Amino acid sequence: VETAWITDLKRFAVHDGPGIRTTVFFKGCSLACRWCHNPENISFSRELAYFSHKCRHCGLCATLCQAHTVEEGQHRFDRRLCVQCGRCAEACPAEALRLYGREVTVDGLFDEVMEDAPFYAQSSGGVTLSGGECLCQPDFCAALLKKLKEAGVHTAVDTCGQVSRRALEETAAFTDLYLYDIKAFSEEVHHRATGHGNRQILENLRYLDALGKAIEIRIPLVPGYNEDQLPEIGALLSQLPRVTCVRVLAYHRYAAYKYPALGRENLMGETPAPTEEQLSSARQTLERFGLRVEE
Ligand code: SF4
Ligand code: SF4
């Protein structure tokens, strides 16, 4: 309970809930969305990423570890030999190597996020737990959220909803706002896109709504995957009184470079980002259900 794995902290975040926030990205996710923009947060283990476009082929990493070889201007990284010690990443002069995953304690992370407490107070902001799926580490999140509430900080939890009911029960009392992702209404479409069905996700959404928690819905719009899902999603959301607003987020390709860096296959191929017309038509579809849609 006392420690968790995170990849990053984003300070001065303005899209993860009200005001100025610090967002904590937890490592590890219960879904594996094909379009994931943060693939460094999918695995629960630490990972070394090698960004070939940044590498200057200086050879320093190869002098430190046999997992790297640099010969004739070619760098090779043998992932099987890496034990994620992070030494090469510390030494690399070009930031071509990065170790994702750092273990934090509740108190240590609390102190880190509280460095920006004056900004939260001035802007009616706060702290957002995200990921990956932060609620895959529920005991830690509950302890951190409780401390934040005791300090008077607004808290948000960004979740994909594929989490145990216990995780929600443990954290709900200390969570002011849920940022809840809905990717598809059809179980089959959801399974194809994320590797999981969505029964638990929709049940958990109804549970939070019945609990009276404030919920902001996020729908990633991904051409070829879920544009036909919006009418059914809209109908579902219109029955949930605690859904305060809905945002449609555009799939983009800017994260594609992270896939080879992590030794992952990018399954999205040439899938284009949605056009402005597709985005506004998606938003209009949702508005027809009486939902407050925000950009
Ligand atoms: S230390 Fe960094 S820049 Fe130098 S060869 Fe290794 S990865 Fe490339
Ligand atoms: S993280 Fe450690 S084990 Fe992995 S390649 Fe770098 S130096 Fe070698």
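Colleague: Hello! What makes the pairing of Arg292 and Glu294 a polar contact?

Modeller: In this predicted model, the side chains of Arg292 and Glu294 come to 2.3 Å. A polar contact asks for a pair of N or O atoms within 3.5 Å, one able to donate a hydrogen and the other to accept it. The value of 2.3 Å is within that cut-off, so the pair counts as a polar contact.

Colleague: Where is Arg292, and which residues does Arg292 touch?

Modeller: Arg292 sits in the loop between α11 (276-287) and β13 (293-294). Setting aside residues up to four places away in sequence, Arg292 touches Thr244, Cys245 and Val246. Touching here is about heavy atoms within 4.5 Å.

Colleague: How far is Arg292 from Asn204?

Modeller: Along the chain they are 88 residues apart, and their C-alpha atoms are separated by 21 Å.

Colleague: Let's move to Ser30. Why is Ser30 called buried?

Modeller: Its relative accessible area is 17%. Buried means under 20%, so Ser30 earns the word. You will find Ser30 in the loop between β2 (21-26) and β3 (47-50).

Colleague: Which residues does Ser30 touch, and what does its side chain reach?

Modeller: Not counting residues up to four places away in sequence, Ser30 touches Glu133, Cys136, Cys160, Gln162 and His196. With Gln162 there is an extra detail: the side chain of Ser30 reaches the backbone oxygen of Gln162 at 2.8 Å.

Colleague: Cys36 is in that part of the chain too. What makes Cys36 buried?

Modeller: Cys36 also lies in the loop between β2 and β3. Its relative accessible area is 18%, and that is under 20%, so Cys36 is buried. Leaving aside neighbours within four places in sequence, Cys36 is in contact with Ile42 and Tyr259. As for Pro220, it is 184 residues from Cys36 in sequence, with the C-alpha atoms 10.0 Å apart in space.

Colleague: And how do you know that His57 is partly exposed?

Modeller: The relative accessible area of His57 is 35%. Partly exposed covers values between 20% and 50%, so His57 belongs there. His57 is in the loop between β3 and α1 (60-64). Its phi is near 55°, a positive value in a residue other than glycine.

Colleague: Why is Glu95 called exposed?

Modeller: Glu95 has a relative accessible area of 59%. Exposed means over 50%, so Glu95 qualifies. Glu95 lies in the loop between α2 (87-91) and β6 (97-100), and its phi, near 55°, is positive in a residue other than glycine.

Colleague: Which kind of peptide bond joins Gly131 to Gly132?

Modeller: That bond is cis, with omega near 15°. Gly132 has its place in the loop between β8 (126-130) and α5 (138-150).

Colleague: Now the ligands. Which residues come nearest to ligand 1?

Modeller: Of the 15 residues around ligand 1, Cys55, Cys58, Gly59, Cys61 and Cys92 come nearest. The shell has 11 nonpolar, 3 polar and 1 charged residues. The space that ligand 1 takes is the largest cavity.

Colleague: How does the shell around ligand 2 divide by class?

Modeller: Into 8 nonpolar, 3 polar and no charged residues. Among the residues around ligand 2 are Cys65, His68, Gln84 and Gly86. Cys counts as nonpolar and Gly as polar, so Cys65 goes into the nonpolar group and Gly86 into the polar one.

Methods
Residues numbered from 1 in each chain as written. Chains lettered and ligands numbered in written order. Predicted model: local features only at pLDDT ≥ 70, side-chain atom pairs only at ≥ 80, totals over all residues. Heavy atoms only, no water. Helix = DSSP H or I, 4+ residues; strand = E, 2+ residues; numbered from the N terminus. Buried < 20%, exposed > 50% of the residue type's maximum accessible area, 1.4 Å probe, protein only. Near = heavy atom within 4 Å. 1 Å grid on protein atoms, 1.4 Å probe; cavity = no way out; pocket = protein on both sides within 12 Å on 5 of 7 lines; lining within 4 Å. Sits in = over half its atoms within 2 Å of the grid points.
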